Amino acid sequence: MKTDRIEARFHLDYPEFSLDVDLDLPGRGVTALFGHSGSGKTTLLRLIAGLVQVREGSLRVHGEVWQEGQHILPTHKRPLGYVFQESSLFPHLTARGNLAYGMKRVGNAMNRQALDQAVELLGIGHLLDRRPHQLSGGERQRVAIARALAVQPRLLLMDEPLAALDLKRKQEILPYLERLHDQLEIPVLYVSHSPDEVARLADTVVLMEQGRARAIGPAAEVFSRLDLAIALDQDASAIIEGAILSHDDAYALTRLEIPGGHLTVARLDHDIHDLVRVRIHARDVSLALDEPGASSILNILPARILEMREIEQAQVLVKLCTGAGGKTPLLARITRHSRDRLQLQEGQSVFAQVKAVALMD
Ligand SMILES: Nc1ncnc2c1ncn2[C@@H]1O[C@H](COP(=O)(O)OP(=O)(O)OP(=O)(O)O)[C@@H](O)[C@H]1O
């Protein structure tokens, strides 16, 4: 029995959909259940919560048995927090009242410390006396997340917590989610169909396709696999983690240290040594055989071609690795014509010119 894992095996049949998974997931960090609409993400989350029950299943969280066949621990006895797409706060209670209610529901003696920590993490101290209709959508979600955390769950389940928010509100709330990620020990299962959110928040990605887990692995690895549908998407991108090396205030630029190399990006509001993630879209990367001379492009990275795949009639997706030891993955989308003209081959050394770096900030 593994005490640091989430082991989930379920088989479920609906008339027009079946789900079949056997997952062994890390018991820490954020694991994204990622995939198209209808791929079974919410159903899987609800099975884990016990809100949907099937006899054919087993679930262990940190070694604790939540289900073994027909022995199913009811939802209210599972130490979990659940955050829905739209916050499910009681309209007649203040934010404080909602938090207190959440704690009573699970029979937890009021744990002041957990509550205070949740309030602090989500930055809702000044909102506690307001009722839900006096809060913005993003603020309501922050209260809902704090309520889920205040009961000190052993697992936090989040079902597209940002889906109902507009872009501005999403940007507001994302830093709080990142704080959860950085400061909490509680593992999070996070349902999303947004590559942006997943790239920004997830340590591990479970790619769901038609009720099956098509791929599982670190976010950077899954996103750069050419055999998966995400690579075919217009938004296909590589995720790169780097540390802030320096700021150049005169030009409003920040220099990042990435494994075995450097990237220059628009000025980031972070301290030196902070870790950040950036996303480089395949469509923003072009390839050259020789190191380009004078160029307006800031980031030119020596790279090696790992794999190439024709994705449309005219296009080829190229997977590269850059940096010493070739640890950093990169994707480039080029035309078939360019591939042939440059006579590109797997294993070849090239220069990747990065036209833009999407900042996940
Ligand atoms: N109670 C149910 N009875 C029958 N079919 C269902 C039921 N609940 C879900 N389904 C079907 O199961 C499939 C998976 O649904 P699910 O909500 O898990 O997908 P999802 O990946 O979370 O999608 P979305 O991103 O749109 O929320 C869908 O085809 C849905 O119609």
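A residue is called buried here if 20 or more other C-beta atoms lie within 10 Å of its own, with C-beta atoms placed from the backbone. The structure on display is a predicted model.

**First selection: helix H1.** Select residues 41-49, which form helix H1. By the criterion just given, Lys41, Thr43, Leu44, Leu45, Leu47 and Ile48 are buried in this helix. Extend the selection to Gly50, which follows H1 and has a positive phi, near 85 degrees.

**Second selection: the sheet.** Turn next to an open sheet of six strands, and trace it in the order S7-S8-S9-S3-S10-S11; the pairing is mixed. Its edges are strand S7 (80-83) and strand S11 (212-218), each of which pairs on one side only. On average, neighbouring strands of the sheet are turned by 15 degrees against each other, direction ignored.

At the S7 edge, add strand S8 (residues 155-159) to the view: S7 and S8 run parallel and are joined by four bridges. To locate one of these pairings, label Gly81 together with its bridge partner in S8, Leu156. Then display helix H4 (residues 137-150), which packs on the sheet and touches S7 and S8. The direction of H4 makes about 170 degrees with that of S7.

**Third selection: helix H5.** Select residues 167-183, the 17 residues of helix H5. From its first C-alpha to its last, H5 reaches 25 Å, close to the 24 Å expected at 1.5 Å a residue. Where does H5 bend? The bend, of about 30 degrees, is at Ile173, and a proline, Pro175, follows within four residues.

Now show the side chains of Lys170, Ile173, Leu177 and Leu180, the buried residues of H5. An α-helix has 3.6 residues a turn, so residues three or four places apart point the same way. Which elements do the buried residues of H5 pack against? Their partners are helix H3 (112-122), H4, strand S9 (188-192) and helix H6 (195-201). Two of these elements have appeared earlier in the tour: H4 packs on the sheet, and S9 stands between S8 and S3 in the strand order.

**Fourth selection: the two domains.** Finally, colour the chain by its domain assignment, which gives domain 1 (5-228) and domain 2 (237-359). The centres of domain 1 and domain 2, taken over C-alpha atoms, are separated by 33 Å. Seven residues from domain 1 and 11 residues from domain 2 take part in the contact. On the side of domain 1 that touches domain 2, H6 and helix H7 (219-223) each supply at least two residues. The largest share of that side, three residues, comes from H7.

Note on methods: Residues are numbered from 1 along each chain as its sequence is written. This is a predicted model: local features need pLDDT of at least 70, side-chain atom pairs count only at pLDDT 80 or more; totals for chains, interfaces and linings use all residues. Two strands pair if DSSP finds at least two bridges between them. Axes are lines fitted to C-alpha atoms, for helices over the stretch in contact, and angles run from 0 to 180 degrees between N-to-C directions. Two residues are in contact if their C-beta atoms, placed from the backbone, lie within 7 Å. The expected span of a helix is 1.5 Å times one less than its number of residues. The bend at a residue is the angle between axes fitted to the seven residues ending there and the seven starting there. A residue is buried if 20 or more other C-beta atoms lie within 10 Å of its own, exposed if 12 or fewer, and partly exposed in between; C-beta atoms are placed from the backbone. Domain bounds come from an automatic or database domain assignment.
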